[in-house]
Amino acid sequence: MPNSPFLSEGILSHQQRITRQPITALFEANPNRFAEFSTRCGELLLDYSKNHIDEAALAELIGLAEQCRLTDKINAMFSGQPINNTEQRAVLHTALRNGGYHLDADTADNINQTRERMLLLADKLQATELLGCTGKPIDTVVNIGVGGSDLGPAMAVDALKKYYAGHTRFLFVSNIDPVHISRTLEHCNPETTLFVVCSKTFTTLETLANANAARHWFLEKTGRHDAIKHHFLAVSTNLEAAAEFGIPQENIFPMWDWVGGRYSLWSAIGLSIALAIGRDHFESFLAGARAMDEHFNSMPLRQNMPVILALLGIWHTDYFAAQSQALICYDQNLALFPAYLQQLDMESNGKSVTRDGDTVDYPTGAILWGGVGTNTQHSFHQLLHQGTHFIPVDFIVGVQSTDPVADQQTSLYSNCLAQSQALMMGRTLADLEAEMLAQGKTAAEARFLAKHRFVPGNRPSNTLVYPLLTPYVLGQLIALYEHKIFTQSVVWDINAFDQWGVELGKQLSKKITASLKEPGKAATEDGSTKGLIDYFQKYR
């Protein structure tokens, strides 16, 4: 058990008390449990009744959030205070969603002007008026980025494919592995392809390497330097570097230092989203996120969806010793959502020092992993049901399908509910032995087989349900998890908006690259790295 003053002995006593009874007993004791342990934001429903939680334990958790002055911290974020204290920056990705935040006039104008530029470009694409250098309409958009400049846009464009406003193809390149850019370019026509180079600093190694490869391919195919302005756009805070790359200023969309990369799909980093779904759907996407912002900023903590999700995560991580959290989306549209949330969560809360720089003595940031639909039932659900790890699960499912076929959506929905029910209820040895005996097994055989078929149950899950995945609902879901992560960072007293841990590898890779190119420089490396460099030199 952690010793942090932010973590309450009172909560620990509730954890010890409540685990003496199964979750099913909580339902037996309270016929209104579902109504009391679920909450809504518009039509989005969170059912968290299948958790080891009751009113007394939840009240203690909410008391913890109040002790950490969560409401004040929420107000500080929305009012533009520099809550990213290691970089002395405000955190205003929420302002990109048209919220009523305290912005200076210039910032508000810049946001609105940039968004309108994005939407005007989307209007031209939908009207087939966005033309390449030979006068042919653009039919392929290649987003070049990495991390937040790739995961968010790629996820949203894939999730909202049903809402594409035209017939343009959208491709995403992120990996510095040359296979990624090479295989993407195989499917592109230089006369009709638009490249969107997304890099906040315009110095990101992977992005610049792929952008340079795309420019080289384009020039090799067309021989026209003057045509770059028709086929390359940039999204960056570094306007000078983008211009040096050859992208004219009118093709550069600005960002701001108060937008973290993993929170940036609401900004011009989301240009590919706007191009794919068009003006009206993109504005609906922003509106869904804004609705969740308003919910988070105004609802009492007891009915506040991001706060409830966050406190349950802290409950599981710090009091039940859960090391990971599974996210299972019973919606093929959300196939990339777990990968997107991995970065959003683990890059934000994968921290081991407090905001004041003290070493934490309690777990922070669960390992997030997952998958999509019934595929996961045939892969890792075995571990969830009968494994030795305690792994809470978030299920996400829609009532309707964007692409209905016969009655398959009913089967999908029932599978989702069945998995959450099975995690909670399990299967007893006595029940299994009786079943085996009824099938004609001997008593010894029945006992043996029952042990292998035993499912302990009593494993927690949340279920998020919506009528249909729309741009509005996707906006809600993303903002929900953004605010959940922020809430947890407040209680854990860590900064969710920096990511210094990723810098060391970047620095070392530059040094190793020099050693790979000039073997003599490898002498200063450790023995393992030098051996691997020698292997590279032998086979290159």
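Which residues does T168 touch, not counting residues up to four places away in sequence? Select T168 in this predicted model and display its surroundings. The residues it touches are L125, I138, D139, T140 and V141, with those up to four places away in sequence left out. T168 sits in the loop between α7 (151-159) and β4 (169-173). It is buried, with a relative accessible area of 10%.

**The whole chain**

Zoom out to the full protein chain, which has 21 helices and eleven strands. Along the principal axes, its C-alpha atoms fill a box of roughly 80 × 60 × 60 Å. The radius of gyration is 26 Å; a compact globule of 540 residues would have one near 24 Å, and the two agree. Of the 540 residues, 51% count as buried. The accessible surface comes to about 23,700 Å², and carbon and sulfur atoms account for 52% of it. Among contacts between residues at least 6 apart in sequence, 74% join residues at least 24 apart.

**Strand β5 and its partners**

Next, select residues 193-198, which form strand β5. Six of the six residues are buried, so the strand is largely enclosed by the rest of the structure. Show the side chains: T193, F195 and V197 point one way, while L194, V196 and C198 point the other way.

Add residues 140-144, strand β3, which pairs with β5 in the parallel sense over five bridges. To find one of these pairings, pick V141, whose bridge partner in β5 is L194. V141 has already come up on this tour as one of the residues that T168 touches.

Now add residues 232-236, strand β6, which runs parallel to β5 and is joined to it by four bridges. Here V197 stands opposite A234.

**S199, in the loop after β5**

Move on to S199, in the loop between β5 and α9 (205-222). Is S199 buried or exposed? Its relative accessible area is 2%, so S199 is buried, the cut-off being under 20%. Leaving aside neighbours within four places in sequence, S199 is in contact with S149, T204, T207, V235, S236 and T237. For a polar neighbour, look at F202: its backbone nitrogen lies 2.9 Å from a polar atom of the S199 side chain.

**The six-stranded sheet**

Switch to cartoon view and colour β1, β2, β11, β10, β8 and β9, given here in their order across an open sheet of six strands with mixed pairing. The edge strands are β1 (38-41) and β9 (367-372), and each pairs on one side only. On average, neighbouring strands of this sheet are turned by 15° against each other, direction ignored.

At the β9 edge, select residues 324-330, strand β8, which runs parallel to β9 and is joined to it by six bridges. C329 stands opposite V372 in β9.

Two helices can now be added. Helix α19 (residues 471-492) packs on the sheet and touches β1, β2, β8, β10 and β11. Its direction makes about 150° with that of β11. Helix α13 (residues 305-319) lies across β1, β2 (44-47), β10 (393-398) and β11 (461-466). Relative to β2, α13 runs at about 30°.

**E43, between β1 and β2**

Stay with this sheet and pick E43, in the loop between β1 and β2. E43 is exposed, with a relative accessible area of 60%. How far apart in space are E43 and P467, C-alpha to C-alpha? The distance is 7.1 Å, although 424 residues separate them in sequence. Not counting residues up to four places away in sequence, E43 touches V465, Y466 and P467.

**Helix α5**

For the last stop, select residues 70-78, helix α5, and show L70, I74, A76, M77 and F78, which are buried. What do the buried residues of α5 pack against? They pack against α4 (55-67), α12 (271-298), α13 and α19. The last two of these helices were met at the sheet, where α13 lies across four strands including β2 and α19 touches strands including β8. Just after α5, check the backbone of G80, which takes a positive phi of about 85°.

How values were computed
Residues numbered from 1 in each chain as written. Predicted model: local features only at pLDDT ≥ 70, side-chain atom pairs only at ≥ 80, totals over all residues. Heavy atoms only, no water. Buried < 20%, exposed > 50% of the residue type's maximum accessible area, 1.4 Å probe, protein only. Pairing = 2+ DSSP bridges. Axes fitted to C-alpha atoms, helices over the stretch in contact; angles between N-to-C directions. Contact = heavy atoms within 4.5 Å. Polar contact = N/O pair within 3.5 Å; in protein donor to acceptor, adjacent residues only side chain to side chain. Rg over C-alpha atoms; globule rule 2.2 N^0.38 Å. Areas by Shrake-Rupley, 256 points an atom, 1.4 Å probe, with all protein chains shown as cover.
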